[in-house]
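Trainee: I am new to this structure and would like a close look at one part of it. Could you choose a stretch, go through it slowly, and show me how its pieces relate to each other?

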Amino acid sequence: MNTKNNRRRRQSVERLETMFMDLLQEMELREIAVADLCKRCGLNRSTFYANYLDIYDMAEKVRKRLEEEVVFLFDPENISGSDYLNLFRHMRENRLRYLTYFKLGGSRYDAERYDRGLAQRYFDQRYVHYHMEFFRGGFDAIVKMWLDNGCRETPEEMAEIIRSEYQGRA
């Protein structure tokens, strides 16, 4: 029976998405053909189309799923949002997923989770929205560089870079 969450279907989707993430590291999204993706996975195109409308729908679903993982990982009930060491450990362990997330236009830093009170205190409640954007852009750039370079520095070193860069204000 082809129910939504049966094991075989989940495994097929996982194979498709893993191969998709691999291919996305080699080529642009617009260059990935459904037929090629399915051939590399050893699956029929009907399996792909049972789960996605097209390659762009797949990309959006993968991006959203990766974003949900990040949001869950850094939910205040699960972990402190400022625990950068655990973030960098998770990113190193899931490097391909994060490379894919950024390549699909995702951003690790969620402005809604930004500590506005802390920023207002440090910046006298002036131009907080600019500071938030600066932090997000800088953080994303550092993370992307680290991932692109193969995570050469340890998670501990990366957490220290963030702490020193933002002098404990992040």
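## From one helix to its surroundings

Mentor: Let us begin with helix H6, residues 95-103, whose buried residues are Tyr98, Leu99, Thr100, Tyr101 and Phe102. Please keep in mind throughout that you are looking at a predicted model. Just after H6 the chain reaches glycine 105, which takes a positive phi of about 95°.

Before going further, it helps to place this helix in the chain as a whole. The secondary structure comes to 9 helices and 0 strands, and, read from the N terminus on, the elements run α-α-α-α-α-α-α-α-α. Of the 170 residues in the chain, 37% count as buried, while the accessible surface comes to about 10600 Å², with 46% of that surface belonging to carbon and sulfur atoms. Among contacts between residues at least 6 apart in sequence, 62% join residues that are at least 24 apart.

The part I would like to examine most closely is helix H8, residues 128-148, together with the helices packed against it. As a general guide, two packed helices are described by the angle between their axes and the distance between the axes. Helix H5, residues 84-93, packs with H8 at an angle of about 40°, and their axes are 11 Å apart. The two helices, H5 and H8, are therefore oblique to each other, and their crossing is right-handed. If you follow the side facing H8, you will find Tyr84, Leu87, Phe88, Met91 and Arg92 of H5 meeting Phe135, Phe139, Val143, Trp146 and Leu147 of H8. Sorted by type, the residues of this contact between H5 and H8 come to 9 nonpolar, no polar and 1 charged.

Helix H9, residues 155-165, also packs with H8, here at an angle of about 155° and with the axes 12 Å apart. Since an angle over 145 degrees counts as roughly antiparallel, H8 is roughly antiparallel to H9. The crossing in which H8 passes H9 is right-handed. On the H8 side the contact is made by Phe139, Ile142 and Trp146, and on the H9 side by Pro155, Met158 and Ile162. The residues of this contact divide into 6 nonpolar, no polar and no charged. It is worth pausing on Phe139 and Trp146 of H8, which meet residues of H5 and also take part in the contact with H9.

Between H8 and H9 there is a loop, and two of its residues deserve attention, one of them being cysteine 151. Its phi is near 55°, a positive value in a residue other than glycine. For context, most residues other than glycine have a negative phi. Cysteine 151 has a relative accessible area of 9%, and because buried means under 20%, this cysteine counts as buried.

The other residue to look at in the loop between H8 and H9 is glutamate 153. With a relative accessible area of 32%, glutamate 153 is partly exposed, because that value lies between the 20% and 50% limits. Leaving aside residues up to four places away in sequence, glutamate 153 touches Trp146 and Met158, and these are two of the residues through which H8 and H9 make their contact. Glutamate 153 can also be related to H5: it is 61 residues from arginine 92 in sequence, yet the two are 9.9 Å apart in space, C-alpha to C-alpha. Arginine 92 is itself one of the H5 residues that meet H8.

To set this beside another pair of helices, turn to helix H1, residues 7-26, and helix H2, residues 34-41, whose axes come within 9 Å and cross at roughly 120°. H1 and H2 are therefore oblique to each other, and their crossing is right-handed. Here Arg15, Leu16, Met19, Phe20, Leu23 and Glu26 of H1 make the contact with Leu37, Cys38, Arg40 and Cys41 of H2. The residues involved divide into 7 nonpolar, no polar and 3 charged.

The loop between H1 and H2 contains arginine 30, which counts as exposed at 62% relative accessibility because the limit for exposed is over 50%. Its C-alpha atom is separated by 8.3 Å from that of isoleucine 55, which lies 25 residues apart from arginine 30 along the chain.

Key. Residues are numbered from 1 along each chain as its sequence is written. This is a predicted model: local features need pLDDT of at least 70, side-chain atom pairs count only at pLDDT 80 or more; totals for chains, interfaces and linings use all residues. Side-chain values use heavy atoms; hydrogens and water are left out. Axes are lines fitted to C-alpha atoms, for helices over the stretch in contact, and angles run from 0 to 180 degrees between N-to-C directions. Helices (H or I, at least four residues) and strands (E, at least two) are DSSP runs, numbered from the N terminus. Angles under 35 degrees count as roughly parallel, over 145 as roughly antiparallel, 65 to 115 as roughly perpendicular and the rest as oblique. A crossing is left-handed if the near helix is turned anticlockwise from the far one by less than a right angle, and right-handed if clockwise. Contact means heavy atoms within 4.5 Å. Ala, Val, Leu, Ile, Met, Phe, Trp, Tyr, Cys and Pro count as nonpolar, Asp, Glu, Lys and Arg as charged, and the others, Gly among them, as polar. Buried means under 20% relative accessible area, exposed over 50%, partly exposed in between (1.4 Å probe, protein chains only). Accessible areas come from the Shrake-Rupley method with a 1.4 Å probe; for residues, only the protein chains shown count as cover.
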